[in-house]
Amino acid sequence: MYTPEPLSKPVSIAASQLAMQAAAGRLTLVIGAGVSLAEPTGAPTAADVARRAKARLMTTVIGGAIGDVPDGDLLELANVVEAQGVEAMALLRSTILDL
């Protein structure tokens with residue numbers, strides 16, 4: 001059984017850095033191993049997110065840049081989109097959030 005640490009215990013530097021990134025809107029968690037596949041969430045896998053996001057993005061201005069990204073490869077999709085600039089990354093983020 002999991003027992004959380006008391007709130008009075010100082011947090012690690014890594015936890016503080018993650019919290020700062022989250023507060024700045026610069027943190028996206030992609031958690032694997034099926035953590036959220038089961039009900040009640042029924043969330044998609046990273047590969048499903050990649051396939052669906054790529055399909056939607058193919059009709060946008062960055063569609064030509066992502067055509068060669070292997071289906072289901074979220075990391076490669078993000079890398080290719082990032083190379084297209086800040087606006088392209090914003091488009092990817094909003095597309096994923098809209099799935």
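Here is a walk through the core of this structure, starting with its nonpolar residues and moving out to a few side chains around them. Keep in mind that this is a predicted model.

Let's begin in the middle. The largest nonpolar core is made of eleven residues: Ala53, Leu57, Ile62, Ile66, Val69, Leu77, Val80, Val81, Ala88, Met89 and Leu92. Three helices each contribute at least two of these core residues, namely H2 (46-57), H4 (74-83) and H5 (86-98). That fits a general pattern: in soluble globular proteins, nonpolar side chains tend to be buried together.

Leu57 is a good place to start looking around. Setting aside residues up to four places away in sequence, Leu57 touches Ile62, Gly63 and Ile66, and also Leu91, Leu92 and Thr95.

Now turn to how H4 and H5 pack. Their axes come within 8 Å and cross at roughly 145°, and the crossing of H4 past H5 is right-handed. On the H4 side, the residues involved are Leu74, Leu77, Ala78, Val81 and Glu82, and they meet Ala88, Met89, Leu92 and Ile96 of H5. Sorted by class, this contact has eight nonpolar residues, no polar ones and one charged residue.

Two alanines let you look at this helix pair from either side. Ala88 belongs to H5, and it counts as buried because its relative accessible area is 6%, under the 20% cut-off. Beyond residues up to four places away in sequence, Ala88 touches Ile62 and Val81. Its C-alpha atom is 12 Å from that of Gly64, a residue 24 places away along the chain. Ala78, over in H4, is partly exposed, with a relative accessible area of 21%. Apart from neighbours within four places in sequence, Ala78 is in contact with Met89 and Leu92. Ala78 and Arg93 are 15 residues apart in sequence, and their C-alpha atoms are 9.4 Å apart.

Next, what about side chains with something polar to place? Take Thr95, which sits in H5. Thr95 is buried, at 10% relative accessible area, and its side chain reaches the backbone oxygen of Leu91 at 2.7 Å. Leaving out neighbours within four places in sequence, Thr95 is in contact with Ala53, Arg56 and Leu57. Ala53 and Leu57 are both members of the core we started with.

Lys54 deserves a look too. This lysine is in H2, and it counts as buried because its relative accessible area is just 9%, against a limit of 20%. Where does the side chain of Lys54 reach? It gets to the backbone oxygen of Gly67, at 3.5 Å. Not counting neighbours within four places in sequence, Lys54 is in contact with Ile66, Gly67, Val69, Pro70, Asp71 and Leu77. Among those contacts, Ile66, Val69 and Leu77 are core residues.

Finally, step off the end of H2. Met58 is found in the loop between H2 and H3 (63-66). Is Met58 buried or partly exposed? At 37% relative accessibility, Met58 counts as partly exposed. Aside from neighbours within four places in sequence, Met58 is in contact with Gly63, Ile66 and Gly67. For a longer view, Met58 and Ala14 are 44 residues apart in sequence and 36 Å apart in space, C-alpha to C-alpha.

Terms used. Residues are numbered from 1 along each chain as its sequence is written. This is a predicted model: local features need pLDDT of at least 70, side-chain atom pairs count only at pLDDT 80 or more; totals for chains, interfaces and linings use all residues. Side-chain values use heavy atoms; hydrogens and water are left out. A nonpolar core is a set of buried Ala, Val, Leu, Ile, Met, Phe, Trp, Tyr and Cys residues joined through side-chain atoms within 4.5 Å. Buried means under 20% relative accessible area, exposed over 50%, partly exposed in between (1.4 Å probe, protein chains only). Helices (H or I, at least four residues) and strands (E, at least two) are DSSP runs, numbered from the N terminus. Contact means heavy atoms within 4.5 Å. Axes are lines fitted to C-alpha atoms, for helices over the stretch in contact, and angles run from 0 to 180 degrees between N-to-C directions. A crossing is left-handed if the near helix is turned anticlockwise from the far one by less than a right angle, and right-handed if clockwise. Ala, Val, Leu, Ile, Met, Phe, Trp, Tyr, Cys and Pro count as nonpolar, Asp, Glu, Lys and Arg as charged, and the others, Gly among them, as polar. A polar contact is a pair of N or O atoms within 3.5 Å; within protein, one must be able to donate a hydrogen and the other to accept it, and residues adjacent in sequence count only if both atoms are side-chain atoms.
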